[in-house]
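Visitor: I would like to learn how to read a model of this kind, one feature at a time. Where should we begin?

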Amino acid sequence: MNESTTPRGRNARTGLASHGAHAARRKGFVRRVGLLRMMGALLLAISAALGSFAFLGGAASAATDSGTGSAFGLQAALAGTNLIPPTPSVALGTNGQAASNTLVPVSLPGVLTAGVASASSSSTNFGTAAETITSSASLAQLTALSALTVGAVQSTCTSNAKGSTGGTTVASISAAGTPVPIPSSGPVSLPAPLNALLSISINLQTVANAPGSTSITVDALKITVLATAVEVTVAESKCAATGPDINAVATPPTITGVNPNTGPSSGGTTVTITGTGFTCVTGVKFGTTPAATFTVVNSTTITATSPPGTPGTVDVTVTSCNGTSPTNTGDQFTFTGASSTSTTNGGTGAGGGSGSGGTGTGAISGVTAVHTGEPWAGSIPLAIIVFLLGCALFWRRGLTSAVSRATHAMATLRRGDDQR
């Protein structure tokens, strides 16, 4: 019998044809998977570039401000030699970490006794343009030569981009039981004969401000025991900040362009505002009406949504911590068409103005500001999305190849069973 007409011959031919078709399908599948893997690799490369841009952009735009802070409760020295070292003494951490300490009462026999002293130093937004350094020191009570009694004493200081300030509080001063007037600063007038033995000054401040730096030292009390030349410093606090944002000249923002510069009186037009000094922005207005929303893209760009307004041309202004932008022809926006019916107060309310459409009872509320920082910030979530998509495509080949191999093995086993 001809082999081609036998069942075994037909099975063999069918098996070869099936195997050829499977091989062709597998070859096409591999090509498709290879293409997907190439696309995945490309997406991974793009995500790496976006991530690097975000990292480098963030690093480049990071502020370079820095600060220091320290404080102590009590110090006594004789001719420059410490009889009581600064106690307790603390200093702000190198990265702005807070520090504090408290000490049990101390004394200098025959000269003074002191109650519990404490000191602390801390910071907020350390290393940025908004950083603030604070320090404080206190002493519960002090007695000198058994005649001068001082109540609770505290000094505080603050340094930030606007400079340094400090202050002192003294609960009471008495000489031999008699209250002594407390000045806001400077020498304290002591009665005789105590004034021949002691001199005391209150709220001594040393401030140094210059472009790029600021510092202050606050001594709550300075007591000098004249007979022995012992100088006692009570509750000293120090604060300092340095960087390009410190004591910078305050310059109001400026607007150089508004695009588009027209929109319907009903509001809702998305406008791109360009200019300079768009930092610490607190508001955007179209005439006298706040923008419905605004987003600070970077220091030169803001996007805002126009509010409803009366037909006509108004100046767009930007207000920041440094002032409000001066008006000019480049900041103008024109409302066209009929005025919105959601206006109030004839042009002074939140909705602004009345016009041919009449006045309404509604009011514009919920004005929001979204500050996104520098433009590189937006690439961070995009980089993550692209990375995950790249992973899905790149490693899909390994998963699908394993499934393909298993399927092929099962098909081979089935063909073998048929042949047997």
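Guide: Begin with the word contact, which means heavy atoms within 4.5 Å. The model is a predicted one. Take Thr113 as the first case: not counting residues up to four places away in sequence, Thr113 touches Val106, Ser107, Gln141, Leu142 and Thr143.

Visitor: In which strand does Thr113 lie?

Guide: Thr113 belongs to strand 5, residues 112–114. One of its contacts shows how sequence and space part company: Thr113 and Leu142 are 29 residues apart in sequence, yet their C-alpha atoms are 5.8 Å apart.

Visitor: Is Thr113 buried, partly exposed or exposed?

Guide: The general idea is a scale of relative accessible area, with buried under 20% and exposed over 50%. Thr113 has 42% relative accessibility and therefore counts as partly exposed.

Visitor: How should I read the sheet around strand 5?

Guide: In general, the strands of a sheet pair through backbone hydrogen bonds, and the pairing is either parallel or antiparallel. Here six strands form an open sheet in the order 4-5-8-9-12-13, with antiparallel pairing. Strand 4 (106–108) and strand 13 (178–179) are the edge strands, each pairing on one side only. Inside that order, strand 9 (residues 148–150) and strand 12 (residues 173–175) run antiparallel and are joined by three bridges. Val150 stands opposite Ile173 of strand 12.

Visitor: How many bridges join strand 21 to strand 25, and how many join strand 21 to strand 22?

Guide: Strand 21 (residues 281–286) has five bridges to strand 25 (residues 312–320), and the two run antiparallel. With strand 22 (residues 289–290), strand 21 shares two bridges, again antiparallel. Phe286 can be followed in both pairings: its bridge partner in strand 25 is Val316, while in strand 22 it stands opposite Thr289.

Visitor: What does the turn between strand 21 and strand 22 look like?

Guide: Strand 21 and strand 22 form a hairpin with two residues between the strands. In that hairpin, Gly287 takes a positive phi near 70°.

Visitor: What about a residue in a loop? Where does Thr269 lie?

Guide: Thr269 sits in the loop between strand 19 (262–264) and strand 20 (270–276). Its relative accessibility is 13%, so Thr269 counts as buried. Leaving aside neighbours within four places in sequence, Thr269 is in contact with Pro260, Thr262, Gly263, Pro264, Ala304, Thr305, Ser306 and Phe333.

Visitor: Which cysteines does a disulfide join?

Guide: The structure holds one disulfide. The disulfide joins Cys157 to Cys239, with an S to S distance of 2.0 Å. The pair links distant parts of the chain, 82 residues apart: Cys157 is in strand 10 (residues 153–160) and Cys239 in strand 17 (residues 230–242). The angle about the S-S bond is 80°, and the link of Cys157 and Cys239 is right-handed. Cys157 has a relative accessible area of 2% and so is buried. Cys239, at 2% relative accessibility, also counts as buried.

Visitor: Which residue forms a salt bridge with Glu231?

Guide: The criterion is a side-chain nitrogen of Lys or Arg within 4 Å of a carboxyl oxygen of Asp or Glu. By this rule the count is one salt bridge. Lys222 is the partner of Glu231, and the closest N and O atoms are 3.8 Å apart. Glu231 has a relative accessible area of 38%, so it is partly exposed.

Visitor: And the chain as a whole?

Guide: The protein chain has three helices and 28 strands. Of its 420 residues, 36% are buried. Among contacts with a separation of 6 or more, 58% are between residues 24 or more positions apart. The accessible surface comes to about 21,600 Å², and 61% of that belongs to carbon and sulfur atoms.

Visitor: Where does the pLDDT fall below 50?

Guide: For the whole protein chain, the mean pLDDT is 77, and 65% of the residues reach 70 or more. Residues 53–63 are one stretch with pLDDT below 50, with 14 contacts in the model beyond near neighbours in sequence. Over residues 339–378 the pLDDT also stays under 50, and there the model has 91 contacts beyond four places in sequence.

Definitions and conventions:
Residues numbered from 1 in each chain as written. Heavy atoms only, no water. Pairing = 2+ DSSP bridges. Helix = DSSP H or I, 4+ residues; strand = E, 2+ residues; numbered from the N terminus. Buried < 20%, exposed > 50% of the residue type's maximum accessible area, 1.4 Å probe, protein only. Areas by Shrake-Rupley, 256 points an atom, 1.4 Å probe, with all protein chains shown as cover. pLDDT = per-residue confidence, 0-100. Disulfide = S-S within 2.5 Å.
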